[in-house]
Amino acid sequence: MNVELTVLILAALLAVVQLGWNAVRANLELGPAWFLTPRDDAPPQQLPTDLGRLKRAYENHMETLPLFAIAVLAVVLADKSSALTAACAWVYLGARVLFVPAYRFGWVPGRSIIWAVGFAAIVLMLLAALF
Amino acid sequence: MSGLDPALLGLVGLAVLVMAHVAAQGAAGLMSAGVAWSVGPRDAGLDRGVLAGRLERALRNLLETAPAFLALAVVAHLAGRVGPLVGLGIALWLAARAGYVVAYAAGCGWPGTALWHLAGAGLILMLIGVLSA
């Protein structure tokens with residue numbers, strides 16, 4: 001299997017871990033009762049600050065993951081896989097892993113820089129697929 | 001551009017579209033909420049103004065429909081079904097989604113809705129192209 005595809009699976013697993021961790025934490029904080037309803041009403045209380053940050057970190061990951069999937073599929077299906085695209089894939093994954101503590105602990109401007117690094121890796125892969 | 005058929009080009013087009021959305025939405029937020037809030041952990045659910053709100057909702061809407069486009073384009077490519085219908089559907093979807101964000105940001109009601117449905121028609125063309133042929 002291509003390195004890029006392996007990293008794509010790892011990036012999806014990162015989303016699974018973030019989702020699972022956030023779900024468990026939110027259930028412990030708010031109690032499972034509200035989650036079992038159709039959630040017509042707002043939750044009984046606001047998420048604590050750290051959990052709000054983890055939620056936004058997860059949502060941000062879900063925003064970049066489709067782009068990364070496109071980049072990986074385009075590179076692999078068009079046979080444009082190279083050392084550069086493999087390195088970009090790892091850089092993306094590393095940035096997305098670091099993004100979680102960066103958000104959780106409020107690294108400023110570290111979080112923005114880490115996000116930009118992950119995003120730039122995707123752009124490079126897309127360019128590599130095109131040319 | 002060698003090696004990329006219309007389906008793969010469409011995928012790259014989708015990526016460019018999402019990036020344009022993210023950039024526009026980020027810039028609008030930056031202008032209305034300021035740099036400090038944008039690079040901070042965003043704990044306060046700040047009201048970021050009308051334009052930033054519209055671009056945020058337009059991005060959410062794009063991300064909601066993008067997986068269907070992604071799935072159809074990948075299947076069309078892998079199954080060798082990239083014919084005129086699929087090509088037309090891809091072009092229609094990308095063009096309508098690009099127009100949609102402009103219409104949303106400008107606050108047009110009906111043109112935005114019409115463009116959303118036009119993009120839906122593009123997906124249906126792709127679906128027909130993938131299933132027939």
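How many helices and how many strands does chain B have? Select chain B and colour by secondary structure: five helices and zero strands appear. Keep in mind throughout that this is a predicted model.

**Stop 1: chain B as a whole**

Follow chain B from the N terminus. The elements run α-α-α-α-α. Turn the C-alpha trace along its principal axes, and chain B fills a box of roughly 55 × 35 × 25 Å. Chain B has 133 residues, and 38% of them count as buried. Now think about contacts in chain B with a separation of 6 or more. Residues 24 or more positions apart account for 77% of these.

**Stop 2: helix H3 of chain B**

Select residues 49-78 of chain B. This is helix H3, with 30 residues. From first C-alpha to last, H3(B) reaches 43 Å, close to the 44 Å expected at 1.5 Å a residue.

Where does H3(B) bend? Centre on Thr65(B): the helix bends there by about 35°. Then look a little further along for a proline, Pro67(B), which follows within four residues.

Next, show side chains on H3(B). Its buried residues include Ala52(B), Arg54(B), Leu55(B), Ala58(B) and Leu59(B). Further along, Phe69(B), Leu72(B), Ala73(B), Ala76(B) and His77(B) are also among them.

What do these buried residues pack against? Within chain B, bring up helix H1 (6-33), helix H4 (84-106) and helix H5 (110-131). Then add a partner from the other chain: helix H3 (49-77) of chain A.

Before leaving, step just past the end of H3(B). Gly80(B) sits there with a positive phi of about 65°.

**Stop 3: H4 and H5 of chain B**

Hide everything except H4(B) and H5(B). The two helices pack at an angle of about 160°, with their axes 8 Å apart. That angle makes H4(B) roughly antiparallel to H5(B). The crossing of H4(B) past H5(B) is left-handed.

**Stop 4: Tyr100 of chain B**

Stay on H4(B) and select Tyr100(B), which lies in this helix. Is Tyr100(B) buried or exposed? Tyr100(B) counts as buried, because 25 C-beta neighbours lie inside 10 Å.

Which residues does Tyr100(B) touch, leaving aside those up to four places away in sequence? Select Ala58(B), Gly112(B), Leu115(B), Trp116(B) and Ala119(B). Draw a distance from Tyr100(B) to Ala58(B). Their C-alpha atoms are separated by 7.9 Å, though the two residues are 42 residues apart along the chain.

**Stop 5: where the chains meet**

Show both chains. The contact takes 23 residues from chain A and 21 residues from chain B. On the chain A side, H3 and helix H5 (110-130) are the elements that give two or more residues. H3(A) supplies the largest share of that side, twelve residues.

**Stop 6: chain A as a whole**

Hide chain B. Chain A comes to five helices and zero strands, in the pattern α-α-α-α-α along the sequence. Its C-alpha trace spans about 50 × 30 × 20 Å along the principal axes. Buried residues make up 31% of the 131 residues in chain A.

**Stop 7: helix H4 of chain A**

Select residues 83-104 of chain A. Helix H4 has 22 residues here and reaches 32 Å between its first and last C-alpha, close to the expected 32 Å. Among the buried residues of H4(A) are Cys88(A), Tyr92(A), Arg96(A), Phe99(A) and Tyr103(A). Their cover includes helix H1 (3-30), H3 and H5 of chain A.

Move past the end of the helix. Gly106(A) follows H4(A), and its phi is positive, near 65°. Go on to the loop between H4 and H5 of chain A, where Pro109(A) is found. The peptide bond from Val108(A) to Pro109(A) is cis, with omega near -5°.

**Stop 8: two loop residues of chain A**

Finish with Arg39(A), in the loop between helix H2 (32-36) and H3. Its phi is near 60°, a positive value in a residue other than glycine. Arg39(A) is exposed, with 9 other C-beta atoms within 10 Å.

Now select Asp79(A), in the loop between H3 and H4 of chain A. Asp79(A) also has a positive phi, near 60°, and is a residue other than glycine. Buried or exposed? Asp79(A) counts as exposed, with 8 C-beta neighbours inside 10 Å.

Terms used. Residues are numbered from 1 along each chain as its sequence is written. Chains are lettered from A and ligands numbered from 1 in the order in which they are written. This is a predicted model: local features need pLDDT of at least 70, side-chain atom pairs count only at pLDDT 80 or more; totals for chains, interfaces and linings use all residues. The expected span of a helix is 1.5 Å times one less than its number of residues. The bend at a residue is the angle between axes fitted to the seven residues ending there and the seven starting there. A residue is buried if 20 or more other C-beta atoms lie within 10 Å of its own, exposed if 12 or fewer, and partly exposed in between; C-beta atoms are placed from the backbone. Two residues are in contact if their C-beta atoms, placed from the backbone, lie within 7 Å. Axes are lines fitted to C-alpha atoms, for helices over the stretch in contact, and angles run from 0 to 180 degrees between N-to-C directions. Angles under 35 degrees count as roughly parallel, over 145 as roughly antiparallel, 65 to 115 as roughly perpendicular and the rest as oblique. A crossing is left-handed if the near helix is turned anticlockwise from the far one by less than a right angle, and right-handed if clockwise.
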